[in-house]
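Colleague: Got a minute to walk me through this one? I'd like to start with one helix and then jump around.

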Amino acid sequence: MSTAVVTETYDELLARVFDERVVAWTEKAEQDKRFPRELLEHLGREGVFARKWEDRKLTDLGKHFALAQRLGALNSAGIGVGVSLHDSAIAILRRFARNDFQRELANKAIDTEVVLCIAASEESGGSDLQIARTMIEPENGGYRVVGHKKFVSLSPIADYIVVVGRSAGDGESADHGNVALVLVPTSQVEIATPYEKLGAGPLDTAAVTIDTWVPEEALIARPGTGLAMISWGLGHERFSVAGQIAGACEVMLGVTLARMMNRTQFGKRLYDHQALRLRVADLQARVDMLRYALIGVATEGKINLRTAAALKATAAHLGEEVASECLHIFGGIGYLDTGLPINRWFRDMKLARVGGGTDEVLWELVAAAMKPDQERYDKMFENQVELP
């Protein structure tokens with residue numbers, strides 16, 4: 001960790017750390033379509049994660065949002081999501097670590113001596129983690145882990161994977177439930193060639209085949225408790241994604257507004273055309289509201305699954321609209337693949353509606369946590385005469 005002045009605020013730390021090197025690593029990663037481990041290591045050395053976590057079991061949501069905004073402003077979903085996935089794995093270990101091995105691994109991840117990732121989705125279920133086919137069963141004082149994970153981002157550069165699996169229980173073969181979490185070294189798994197994706201090129205995402213044994217100390221969540229733990233970790237990730245979208249939208253709108261001030265059509269600046277000006281104003285107002293909502297949640301200091309799901313799903317739809325409208329205002333040059341980031345905005349933003357839980361899964365979480373106001377409803381109709 002850096003020996004920077006201890007009076008430096010977290011925002012000042014981020015402003016210093018997210019320097020020209022981070023921008024250069026990001027742009028190179030966009031060209032190479034490979035995640036730069038050195039970027040993560042830079043953040044760790046400079047204390048970005050250490051200051052964020054300090055001695056806490058739960059993250060400081062204010063710092064969490066500040067980091068997310070910085071990541072979003074890079075306008076690279078691959079980089080932003082990659083960093084937040086590593087941080088989400090840290091979050092799981094910080095809160096739920098069961099032994100010294102797991103606690104020490106969390107500390108090493110905070111300093112980025114090791115890189116973590118999460119293996120959840122499978123072809124069998126996608127976002128439905130209760131029907132995972134990866135099995136985690138007791139064997140020789142440890143656990144045999146066997147399965148195939150289809151989408152594991154950061155796996156090509158990670159040292160450990162937080163694997164979501166199931167246990168059959170007492171010899172039974174239930175189709176769902178009994179979810180468990182276990183740490184598996186990447187040196188003990190087979191990692192396929194990373195996929196070529198529509199967007200988020202630097203987010204190395206590959207299939208992982210697992211058939212290995214790990215010691216008892218590698219088990220994070222016993223069967224039956226894993227779903228709650230991974231859901232909590234995903235809530236951490238979803239809040240980060242919403243913050244990244246807020247940061248990305250500010251950049252997109254700012255650059256597009258500059259385009260409107262400099263581009264002339266029909267004898268007037270684009271900004272002087274009322275239809276375009278009001279369209280951008282509407283988008284800016286909603287991005288402002290998203291930012292204020294995130295600040296409000298951060299100020300409260302805690303987040304639940306419903307709120308995280310609602311923020312992420314709402315932000316993803318807004319981000320997709322902002323990216324589309326900004327590309328539209330840039331016109332033909334925005335559609336060309338000329339090295340400008342405009343079409344990258346458009347491609348990357350779609351990931352937010354798919355990764356970390358689809359819209360439908362997130363809205364189900366929101367719906368499940370809603371509570372009917374039965375008392376007011378009953379009072380409304382207590383004196384109502386039944387119609388014939």
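**Helix H5 and beyond**

Modeller: Just past helix H5 sits Asn75, and its phi is positive, near 55°. Keep in mind that this is a predicted model.

Colleague: Where does H5 run, and what span should it have?

Modeller: H5 covers residues 61–73. At 1.5 Å a residue, its 13 residues should span 18 Å. The end C-alpha atoms are 18 Å apart, so the two agree.

Colleague: What happens at the start of H5?

Modeller: Asp60 makes a contact there. One of its side-chain oxygens comes to within 2.9 Å of the backbone nitrogen of Gly62.

Colleague: Which residues of H5 are buried?

Modeller: Leu61, Lys63, His64, Phe65, Ala66, Leu67, Ala68, Leu71 and Gly72.

Colleague: And what covers those buried residues?

Modeller: The cover includes helices H1 (10–17), H4 (48–53), H6 (77–96), H8 (226–262) and H9 (274–300).

Colleague: New topic. How many cavities of 30 Å³ or more does a search of the whole structure find?

Modeller: It finds 2. The largest has a volume of about 50 Å³.

Colleague: Which residues line the largest cavity?

Modeller: Lys33 and Arg34 are in the lining, along with Pro194, Tyr195, Glu196, Lys197, Gly199, Gly201 and Asp204. By class, that lining has 5 charged, 2 polar and 2 nonpolar residues.

Colleague: Tell me about Lys33. Where is it in the chain?

Modeller: Lys33 is in the loop between helix H2 (20–32) and helix H3 (37–45). Its phi is positive, near 60°, and it is not a glycine.

Colleague: Why does Lys33 count as partly exposed?

Modeller: Because its relative accessible area is 36%, and partly exposed means between 20% and 50%.

Colleague: What about Asn140: buried or exposed?

Modeller: Exposed, because its relative accessibility is 70% and the cut-off is over 50%. Asn140 lies in the loop between strand E2 (135–139) and strand E3 (142–153). Its phi is also positive, near 50°.

Colleague: Last one, Pro223. Where does it sit?

Modeller: Pro223 is in the loop between strand E8 (219–221) and H8. It is partly exposed, at 38% relative accessible area.

Colleague: What does Pro223 contact, beyond its neighbours within four places in sequence?

Modeller: Ser167, Asn178, Val179 and Ala180.

Colleague: How are Pro223 and Leu311 placed?

Modeller: They are 88 residues apart along the chain, and their C-alpha atoms are separated by 29 Å.

Definitions and conventions
Residues numbered from 1 in each chain as written. Predicted model: local features only at pLDDT ≥ 70, side-chain atom pairs only at ≥ 80, totals over all residues. Heavy atoms only, no water. 1 Å grid on protein atoms, 1.4 Å probe; cavity = no way out; pocket = protein on both sides within 12 Å on 5 of 7 lines; lining within 4 Å. Points joined across faces, edges and corners; volume = space filled by probe spheres on them. Nonpolar A, V, L, I, M, F, W, Y, C, P; charged D, E, K, R; others polar. Helix = DSSP H or I, 4+ residues; strand = E, 2+ residues; numbered from the N terminus. Expected span 1.5 Å × (residues − 1). Buried < 20%, exposed > 50% of the residue type's maximum accessible area, 1.4 Å probe, protein only. Contact = heavy atoms within 4.5 Å. Polar contact = N/O pair within 3.5 Å; in protein donor to acceptor, adjacent residues only side chain to side chain.
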